[in-house]
Amino acid sequence: MSDQNPVFIPGPTNIPEALRRACDVPTLDHRSPRFGALLRPALAGVRAVLGMEAGEVALLPATGTGGWEAAVTNTLSPGDRVLAARHGMFSARWIALCRKHGLDVQVIEAPWGEGCPTDAMGAALAADTDHRIKAVLATHNETATGVTSEIAALRAAMDGARHPALLMVDGVSSIGSIPFEMARWGVDVAVAGSQKGFMLPAGLAILGLSPRALAAMEHAGLTRAYFDLRDLLGATDTGGYPYTPPVGLISGLAASVAMLQAEGLDAVHARHARIAGGVRAAVRAWGLELCARRPALYSDTVSAVMAPPGCNGSEVVTLAAQKYGVAFGIGLGDVAGKLFRIGHLGSVTDVMMLSGIATAEMCMADLGWPIELGAGVAAAQDHYRTTALAEHRAAA
Ligand SMILES: *Cc1c(COP(=O)(O)O)cnc(C)c1O
């Protein structure tokens with residue numbers, strides 16, 4: 001008997017057995033051609049997942065947070081002005097990190113549950129006629145609130161203001177699960193991590209860098225040493241690393257991008273949309289609201305479910321862990337206690353999701369929340385029955 005349930009947190013995500021095996025490699029000399037043979041397909045696959053054309057990919061032994069740090073320290077100088085929206089815990093943390101590095105962050109506040117305030121960002125850029133703003137920071141998918149923002153709209157606002165700032169996007173909980181179009185959206189730095197859409201253990205910060213970001217690296221004045229991407233990219237050009245790389249994770253990443261490409265990126269995105277649709281059908285059937293304020297903002301990778309009046313969302317998470325051995329996400333920061341989060345990204349199927357919905361439902365019933373036991377599961381079943389994958393229907 002296995003006591004290993006799937007997790008329903010928005011990262012780290014469930015690791016497919018094939019990727020666990022792919023991470024399990026014997027010691028190999030990272031200066032030998034065998035390492036280059038792992039690294040090259042991993043880099044090429046990441047380019048495809050990011051929707052990159054020109055530019056470079058950097059794989060750092062770090063997590064998404066380290067990716068944020070590498071993004072700013074490699075492109076900016078002390079005192080540089082950065083424009084960023086704060087509308088959740090992750091956008092807030094990136095802003096805090098920038099301030100620790102001595103950047104002058106111009107923050108545009110938006111309510112938690114709203115997306116990146118594109119109009120206000122555009123107005124701030126238009127007002128910045130002497131181009132003091134050197135970078136615009138955006139969180140593609142606010143994991144704390146289950147909100148996806150439209151990066152194409154932000155790019156249009158930057159272009160509308162004819163502003164030359166770099167566009168840096170946190171795609172940690174979106175890349176690999178929902179569409180991300182680095183080249184088409186004109187993203188200069190994209191940040192991802194191994195433990196979310198890439199379905200691997202934590203430990204790799206994954207960055208995509210546009211030619212403009214690469215040019216900025218040459219004169220950026222912030223201190224960088226271990227994360228100096230000039231050293232890293234110089235070495236990876238020849239299949240190497242300036243220090244000992246996490247070979248197992250890079251092997252896993254090569255397998256992960258192959259797995260995503262074998263399913264087909266469009267099919268991966270469609271699967272996430274479909275699974276998220278079932279979760280949202282369940283939330284509606286429970287009579288509960290999402291933190292995301294409008295359907296256009298709903299995230300296909302994480303749903304933040306508001307607790308009804310007088311109820312504490314964290315209690316669902318605690319009970320699920322203690323009584324049923326299942327992990328959901330708690331509310332973070334401003335929304336602590338006010339909601340619980342259901343992660344549905346990475347390696348997840350509709351059948352797995354039904355077990356998560358059923359567990360959340362049991363917990364809410366146990367806690368005396370005013371929901372009808374079975375209502376959410378039935379709504380999700382309906383959604384999945386009527387949207388079943390074509391190849392499964394054909395086989396039936
Ligand atoms: C998980 C996450 C991060 C940071 O992740 P770590 O890998 O834990 O450092 C950053 N941004 C978003 C949107 C995330 O979901």
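In this predicted model, a polar side-chain atom of Gln-195 sits 2.7 Å from an oxygen atom of the ligand. Taken alone, the ligand would expose 380 Å², and the protein buries 87% of that. Two further polar pairs turn up around the ligand. An N or O atom in the side chain of Thr-143 comes 2.5 Å from a ligand oxygen, while for Asp-170 the pair involves a nitrogen atom of the ligand, 2.6 Å from an N or O atom in the side chain.

As for the rest of the shell, the residues around the ligand are Thr-63, Gly-64, Thr-65, Trp-68, Phe-90, Asn-141, Thr-143, Asp-170, Val-172, Ser-173, Gln-195 and Lys-196. Sorted by type, that shell comes out as seven polar, three nonpolar and two charged residues. Helix H3 (residues 64–73) supplies its largest share, with three residues.

Asp-170 also leads into the sheets. It belongs to strand E7 (residues 166–170), which pairs with strand E8 (residues 189–193) in the parallel sense, over three bridges. Within that pairing, Asp-170 stands opposite Val-191 in E8. Both strands are part of an open, seven-stranded sheet with mixed pairing, ordered E1-E9-E8-E7-E4-E2-E3. The edges are held by strand E1 (56–61) and strand E3 (104–109); each has a single partner strand, so one side of each is left without a neighbour in the sheet. From one strand to the next, the twist averages 20°.

Now for the helices against this sheet. Helix H2 (residues 33–50) lies across E1, E8 and strand E9 (204–209), and runs at about 115° to E1. Helix H8 (residues 229–236) packs on the sheet too, touching E1 and E9, with its direction at about 110° to that of E1.

Further along the chain there is another open sheet, this one made of three strands in the order E10-E12-E11 with antiparallel pairing. Here the edge strands are E10 (302–306) and E11 (329–330), each of which pairs on one side only. Strand E12 (residues 339–343) runs antiparallel to E10, and five bridges join the two. One residue pair in this stretch is Ala-304 with its bridge partner Arg-341 in E12. A helix goes with this sheet as well: H11 (residues 313–324) lies across E11 and E12, at about 50° to E12.

Note on methods
Residues are numbered from 1 along each chain as its sequence is written. This is a predicted model: local features need pLDDT of at least 70, side-chain atom pairs count only at pLDDT 80 or more; totals for chains, interfaces and linings use all residues. Side-chain values use heavy atoms; hydrogens and water are left out. Two strands pair if DSSP finds at least two bridges between them. Helices (H or I, at least four residues) and strands (E, at least two) are DSSP runs, numbered from the N terminus. Contact means heavy atoms within 4.5 Å. Axes are lines fitted to C-alpha atoms, for helices over the stretch in contact, and angles run from 0 to 180 degrees between N-to-C directions. A residue is near a molecule or strand if one of its heavy atoms lies within 4 Å of it. A polar contact is a pair of N or O atoms within 3.5 Å; within protein, one must be able to donate a hydrogen and the other to accept it, and residues adjacent in sequence count only if both atoms are side-chain atoms. Accessible areas come from the Shrake-Rupley method with a 1.4 Å probe; for residues, only the protein chains shown count as cover. Ala, Val, Leu, Ile, Met, Phe, Trp, Tyr, Cys and Pro count as nonpolar, Asp, Glu, Lys and Arg as charged, and the others, Gly among them, as polar.
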